[in-house]
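Colleague: I'm new to this structure and would love a close look at one part of it, the aromatic side chains. Could you walk me through them and then show me what else is worth finding around them?

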Amino acid sequence: MTDKKATLTIDNGQGSVDTFDLPIHKGSVGPDVIDVGSLTAKGYFTFDPGFTSTAACESEITYIDGEQGILLHRGYPIEQLAEQSDYLETCYLLLYGELPNKAQKDEFVYTVQRHTMVHEQIRTFFNGFRRDAHPMAIMCGVVGALSAFYHDSTDISDEHHRKVAAFRLIAKMPTIAAMSYKFSTGQPFMYPDNSLSYSANFLHMMFGNPCEPTVISPTLARAMDRIFTLHADHEQNASTSTVRLAGSSQANPFAVIAAGIAALWGPSHGGANEAVVKMLEEIGDISQIDKYVAKAKDKDDPFRLMGFGHRVYKNFDPRAKVMKQAADEVLAELGIQDEMLEIAKRLEEIALQDEYFVEKKLYPNVDFYSGIILKALGIPTSMFTVIFAVGRTVGWIAHWNEMISNPYRIGRPRQLYTGHTARDFVPLDQR
Ligand code: CMC
């Protein structure tokens with residue numbers, strides 16, 4: 001709380017004026033936050049569809065400055081984590097607030113590795129899905145179903161249960177993700193190989209087969225790891241807010257993370273990486289870019305340039321910068337000349353100079369380049385959002401755990417009601 005206060009003056013139109021003093025909270029960095037919690041007792045709600053001006057919670061995990069293009073996890077810039085850390089170390093940081101020392105890191109990695117297998121009956125559970133099911137549909141179902149398999153980690157009031165659930169989710173997400181892919185191809189599921197790193201093991205379960213040893217390129221494993229790291233957390237986005245809201249009802253952690261996966265799926269959020277590649281394929285040729293840019297600017301055309309724009313970043317998305325550099329490196333190392341990358345680069349150039357995009361501050365976001373790397377890694381398009389979900393799982397858990405470990409109330413927004421006022425029921429024969 002600061003010494004500052006906001007004063008809200010309401011002219012009720014009948015010659016009288018109501019004045020309310022509202023306290024102001026100060027974060028460690030970022031804008032001051034006006035506490036409107038007392039307004040309901042005074043007969044008012046605030047109205048903020050899309051929560052553009054609303055801080056729904058207090059958090060110590062991630063900070064974003066959208067104007068400056070800054071993203072910090074527990075104070076550490078995302079660029080440094082992507083370059084100098086790895087995914088599991090970033091997980092530790094997000095969950096516990098500090099970077100681990102060597103012994104802590106070894107123990108954390110060891111524990112995650114001991115939870116990578118899924119209950120054998122989950123393999124049978126997969127058979128209920130159609131072979132052509134979207135892997136995100138499978139993820140929503142299977143992750144939600146984990147609460148039916150792991151009863152000993154669903155008591156959210158027990159810190160140990162929460163800890164075990166966190167390890168299980170972080171460790172099993174790559175296994176379930178790879179199983180959803182294998183199921184769609186008709187290939188056998190691969191058991192995890194705990195001698196491999198988190199990301200190499202994921203590639204092993206995606207691309208290996210039981211008939212021969214899997215050879216995982218360190219370059220590809222490192223690229224995969226960086227993708228997971230860049231997606232690890234992003235403050236109170238739609239899926240994380242969904243996780244917090246679902247968790248606020250005291251639902252179990254597996255149900256809560258399934259809710260996060262569902263919210264992530266949409267093309268305005270995590271589904272954008274898949275949508276970007278589909279869009280680049282549709283554009284097909286550099287000569288067509290102008291046509292698509294014009295479509296994106298046309299108010300009467302629902303088409304949007306996927307991978308552009310962000311609710312918070314109004315300068316650049318720092319994750320996109322790292323991702324672009326990583327895309328260049330991966331394609332160079334793999335010797336891939338990707339026409340899609342050429343289209344993407346040209347599209348970025350044109351859009352960044354176009355008055356419409358400049359004025360609306362629409363810059364490429366993380367998803368603009370992630371799809372290109374994932375494609376180069378041989379990941380099928382339908383798995384892109386699944387990979388986002390794997391990386392984001394730790395962020396969801398960190399936020400859920402932060403909420404549960406502190407005093408919290410069930411999330412319950414109100415509304416501006418514009419429907420009918422009370423009226424009498426009309427019997428069927430009189431309508
Ligand atoms: N192409 C064309 N116009 C756009 C785009 C775009 N990609 N994004 C926003 N606009 C326009 C929009 O039409 C609106 O114009 P006007 O003011 O004339 O009505 C203005 O820019 C503001 O857009 P908005 O939809 O009000 O902004 P928002 O903060 O509600 O939405 C967004 C943010 C990310 C959903 C949106 O920019 C978008 O749909 N982008 C494409 C999808 C995408 O790439 N999503 C991934 C986001 S990053 C990863 C993640 O968080 O999951």
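Modeller: Let's start with a word we will need: a residue is called buried when its relative accessible area is under 20%, and exposed when that value is over 50%. Keep in mind, too, that what you see is a predicted model.

Now for the rings. Two of them are taken as a pair when their centres lie within 6.5 Å, and this rule gives 21 aromatic pairs. One of them is made by phenylalanine 108 and phenylalanine 167, with ring centres 5.3 Å apart and planes at 50 degrees, so the pair is tilted. It brings together distant parts of the chain, since phenylalanine 108 sits in helix 3 (residues 102-113) and phenylalanine 167 in helix 6 (residues 159-185), 59 residues apart. Both phenylalanine 108 and phenylalanine 167 are buried.

A second pair to look for joins phenylalanine 308 and phenylalanine 368, which meet edge-to-face, at 5.0 Å centre to centre and with 70 degrees between the planes. This pair also links distant parts of the chain: phenylalanine 308 belongs to the loop between helix 12 (289-297) and helix 13 (318-334), phenylalanine 368 to helix 16 (residues 366-376), and 60 residues separate them. With a relative accessible area of 10%, phenylalanine 308 falls under the 20% limit and therefore counts as buried. Phenylalanine 368 is buried as well, at 0%. Elsewhere, Phe125, Phe126, Phe129, Phe149, Phe183 and Phe189 form one aromatic cluster.

Phenylalanine 308 also takes us to the ligand. A backbone N or O atom of phenylalanine 308 is 2.9 Å from a nitrogen atom of the ligand. Oxygen atoms of the ligand have polar partners too: a polar side-chain atom of arginine 304 at 2.8 Å, and a side-chain N or O atom of histidine 269 at 2.5 Å. On its own the ligand has 930 Å² of accessible area, and the protein covers 75% of that. How many residues surround the ligand? There are 21, and the closest are His269, Lys299, Leu305, Arg311 and Lys360. Sorted by class, this shell holds nine nonpolar, seven polar and five charged residues.

Let me also point out the strands, to help you find your way. Strands of a sheet pair through backbone hydrogen bonds. One open sheet has three strands in the order 1-2-3, paired antiparallel. Strand 1 (5-11) and strand 3 (33-34) are at its edges with a single partner strand each, so one side of each has no neighbour in the sheet. Strand 1 and strand 2 (residues 17-25) are joined by seven bridges, and alanine 6 has leucine 22 in strand 2 as its bridge partner.

Another open sheet, also antiparallel, has three strands in the order 4-5-6. Here strand 4 (62-65) and strand 6 (76-77) take the edges, and because each has a single partner strand, one side of each lacks a neighbour in the sheet. Strand 5 (residues 70-73) pairs with strand 6 over two bridges; leucine 72 has proline 77 in strand 6 as its bridge partner.

To finish, here is a contrast with the buried rings. Proline 218, in helix 8 (residues 218-230), has a relative accessible area of 66%, so it is exposed. Its C-alpha atom is 67 Å from that of alanine 422, a residue 204 positions away along the chain.

Key
Residues are numbered from 1 along each chain as its sequence is written. This is a predicted model: local features need pLDDT of at least 70, side-chain atom pairs count only at pLDDT 80 or more; totals for chains, interfaces and linings use all residues. Side-chain values use heavy atoms; hydrogens and water are left out. Two strands pair if DSSP finds at least two bridges between them. Helices (H or I, at least four residues) and strands (E, at least two) are DSSP runs, numbered from the N terminus. Buried means under 20% relative accessible area, exposed over 50%, partly exposed in between (1.4 Å probe, protein chains only). A residue is near a molecule or strand if one of its heavy atoms lies within 4 Å of it. A polar contact is a pair of N or O atoms within 3.5 Å; within protein, one must be able to donate a hydrogen and the other to accept it, and residues adjacent in sequence count only if both atoms are side-chain atoms. Accessible areas come from the Shrake-Rupley method with a 1.4 Å probe; for residues, only the protein chains shown count as cover. Ala, Val, Leu, Ile, Met, Phe, Trp, Tyr, Cys and Pro count as nonpolar, Asp, Glu, Lys and Arg as charged, and the others, Gly among them, as polar. Rings of Phe, Tyr and Trp (its six-membered ring) pair if their centres lie within 6.5 Å; planes under 30 degrees apart count as stacked, over 60 as edge-to-face and the rest as tilted.
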